[in-house]
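Biologist: I am new to this structure and would like to understand the reasoning behind the words used for it. Could we go through them one at a time?

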Amino acid sequence: MKYAIGIDLGGTSIKYALVDKAGNSFFEGKLPSFASVSAAKVMEQLIKAATLLKDEAAKQNWTVLGIGLGTPGIVDETNRIVLGGAENIVGWENIDVASLMEKQMSLPVVVGNDANLMGLGETKYGAGRGCTHVVFLTVGTGIGGAVIIDGKLFNGYANRGTELGHVPLIANGERCACGAIGCLEHYASTAALTRRFSALAKEQKLSFDTEINGELIVRLYHENFPLAVECMNEHFYYLGRGIAGFVNIFSPQRIVIGGGVAESGSFYLEKIRAVVKKHVIADCALDTKIVAAELGNKAGLIGAASLIL
Ligand code: BGC
């Protein structure tokens, strides 16, 4: 059997596995990415992950065809160089990641934007299966997007496209980490949700025993805790408005949403659907189904490996 090493680099961790052509993954693992330390440290972790899998494949007598890597930010049109736009990874700019990895691993390396590859993975093997037109959103620290048109990943000219998290939502809003004003990501990411909740909690002199994160806010929302209800409703509103725009532009068969909070239950999708319904051009929206991602945090590495297989 032939396999590819699939790696998904994130701001917190590096997820990796050996993947076969049917999208099955083996020897999955996770390492810290050390994204706040340095690009060199991140490279070290990527090599560590790839080496673990290469050694494992050798033990099994499996053939490894190459390495597919998903990374936040913009990757050049040769699918080798990270140009920038990954605000969560220190110094992750103008780095020829593919050449650096190829030198150390002696395997071909293909690099793509993390969200694009998650969208590709979900369309081939997950919640977008059987569809030719899919819009994928990953809602986490950032918001990433992928657009599949006529069954193919749409990358925009020179691979710079489909940064759906950086579509302006609020004209006179706050500044996003990318430097622009009012981006969808700045208002509708999980980071935005926790930021808003923390700020209001401080104002209201509320304190919590555990770390404030998406999971806590969702739990409090289900308990009808007023601040959590307020912040979640705001989150649904911003994300729903953004999605309504994507429905109007692309008229996809499915909008697939991934990410921790987004995958926390059907209530989430119902709330989003209600906002989207109010804000789309009605006829255009008729067939768009808004669904949760199915591959969980494996979508990115499976999509990345599919570039090789
Ligand atoms: C970045 C995207 C990335 C997304 C998800 C955003 O902040 O701009 O390139 O796909 O986060 O990681």
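Biologist: What makes the pairing of Asn-113 with the ligand a polar contact?

Modeller: Bearing in mind that this is a predicted model, a polar side-chain atom of Asn-113 lies 3.1 Å from an oxygen atom of the ligand, and since a polar contact is a pair of N or O atoms within 3.5 Å, the pair qualifies. Taken alone, the ligand exposes 310 Å², of which the protein buries 90%.

Biologist: Which backbone atoms lie close enough to an oxygen atom of the ligand to be judged by that cut-off?

Modeller: A backbone N or O atom of Gly-73 lies 2.9 Å from a ligand oxygen, and one of Gly-85 lies 3.4 Å from a ligand oxygen, so both fall within the 3.5 Å cut-off.

Biologist: Which domains supply the shell around the ligand?

Modeller: Domain 1 (2-119) and domain 2 (129-293) each give at least three residues to the shell, while helix H3 (114-125) and strand E9 (143-149) each supply at least two.

Biologist: Why is Cys-183 not counted as bonded to Cys-178?

Modeller: The sulfur of Cys-183 has its closest cysteine sulfur in Cys-178, at 3.7 Å, and because a disulfide needs sulfur atoms within 2.5 Å, that pair is too far apart for a bond. By this rule the count comes to zero disulfides.

Biologist: Why are Cys-183 and Cys-131 called buried?

Modeller: Buried means under 20% relative accessible area; Cys-183 has 1% and Cys-131 has 11%, so both meet that condition.

Definitions and conventions. Residues numbered from 1 in each chain as written. Predicted model: local features only at pLDDT ≥ 70, side-chain atom pairs only at ≥ 80, totals over all residues. Heavy atoms only, no water. Polar contact = N/O pair within 3.5 Å; in protein donor to acceptor, adjacent residues only side chain to side chain. Areas by Shrake-Rupley, 256 points an atom, 1.4 Å probe, with all protein chains shown as cover. Helix = DSSP H or I, 4+ residues; strand = E, 2+ residues; numbered from the N terminus. Domains from an automatic or database assignment. Buried < 20%, exposed > 50% of the residue type's maximum accessible area, 1.4 Å probe, protein only.
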